[in-house]
Amino acid sequence: MSRVNRPHILCQTGIRGLAALSVVPSHLGLKYMFPESGATIAGFFPSGIAVNFFFVLSGFILCYVYMHDGRFSGSWNKFYRARFARIYPLYLCLILVGYLANLLAGT
């Protein structure tokens, strides 16, 4: 896979992290800190906006890393294999953890 050598944009990683952290409390069923604004207990973004913002920013980062002059710089096959190898193991691990937690809870 051919990645374009560009400088790392640290502030985007931080903002993406805040967006991800803003979603976690709503998944855990925690009450809002500021109900009138919809801001989560983490206090950064309303969780619905945070999810959308996270995905848009993630798409931008992928394009920033893998595109050059408006064109994809690499093999689609390698790109999708690398994405699969990065995402799928964690996905399977979390499914297993959820399954085991469900067994231990007796439901």
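The legends below describe close-up views of a predicted model.

**View 1. Overall fold of the chain.**
The chain contains three helices and two strands. Along the sequence these elements follow the order α-α-β-β-α. Of the 107 residues in the chain, 18% count as buried. The accessible surface of the chain is about 8,200 Å², and carbon and sulfur atoms make up 69% of that area. Among contacts in the chain with a separation of 6 or more, 57% are between residues 24 or more positions apart.

**View 2. The largest nonpolar core.**
Six residues form the largest nonpolar core: Leu-57, Ile-61, Val-65, Tyr-66, Phe-72 and Phe-79. Helix H2 contributes the most to this core, with four residues. Two of the core residues, Leu-57 and Ile-61, are also contacts of Gln-12.

**View 3. The largest pocket and its lining.**
The largest pocket holds about 710 Å³ of space. Helix H1 (10–27), helix H2 (47–66) and helix H3 (76–105) are the elements that each give two or more residues to its lining. The lining has 23 residues in total, and those nearest the centre of the pocket are Arg-16, Ile-61, Leu-62, Arg-83 and Arg-86. By residue class, the lining divides into 13 nonpolar, five polar and five charged residues. Ile-61 is thus named twice in these views, as a residue of the largest nonpolar core and as one of the residues nearest the centre of the largest pocket.

**View 4. Surroundings of Gln-12.**
Gln-12 is located in helix H1. The relative accessible area of Gln-12 is 15%, so this residue falls in the buried class, for which the limit is under 20%. Setting aside neighbours within four places in sequence, Gln-12 makes contact with Leu-57, Phe-60 and Ile-61. Leu-57 and Ile-61 belong to the largest nonpolar core.

**View 5. Surroundings of Arg-16.**
Arg-16 is also a helix H1 residue, and is one of the residues that lie nearest the centre of the largest pocket. With a relative accessibility of 27%, Arg-16 is classed as partly exposed. Beyond residues up to four places away in sequence, Arg-16 touches Phe-54, Leu-57, Ser-58 and Ile-61. Leu-57 and Ile-61 appear in the contact list of Gln-12 as well. The C-alpha atoms of Arg-16 and Val-51 are 9.7 Å apart, while 35 residues separate the two in sequence.

**View 6. Surroundings of Phe-54.**
Phe-54 lies in helix H2. The relative accessible area of Phe-54 is 25%, which places the residue in the partly exposed class. Outside the four sequence places on either side, contacts of Phe-54 are made with Arg-16, Ala-19 and Ala-20. The contact with Arg-16 links this view to the preceding one, where Phe-54 is listed among the residues touched by Arg-16. Phe-54 and Ile-15 are 39 residues apart in sequence, and 8.5 Å lies between their C-alpha atoms.

Definitions and conventions: Residues numbered from 1 in each chain as written. Predicted model: local features only at pLDDT ≥ 70, side-chain atom pairs only at ≥ 80, totals over all residues. Heavy atoms only, no water. 1 Å grid on protein atoms, 1.4 Å probe; cavity = no way out; pocket = protein on both sides within 12 Å on 5 of 7 lines; lining within 4 Å. Points joined across faces, edges and corners; volume = space filled by probe spheres on them. Nonpolar A, V, L, I, M, F, W, Y, C, P; charged D, E, K, R; others polar. Core = buried A, V, L, I, M, F, W, Y, C linked by side-chain atoms within 4.5 Å. Buried < 20%, exposed > 50% of the residue type's maximum accessible area, 1.4 Å probe, protein only. Contact = heavy atoms within 4.5 Å. Areas by Shrake-Rupley, 256 points an atom, 1.4 Å probe, with all protein chains shown as cover.
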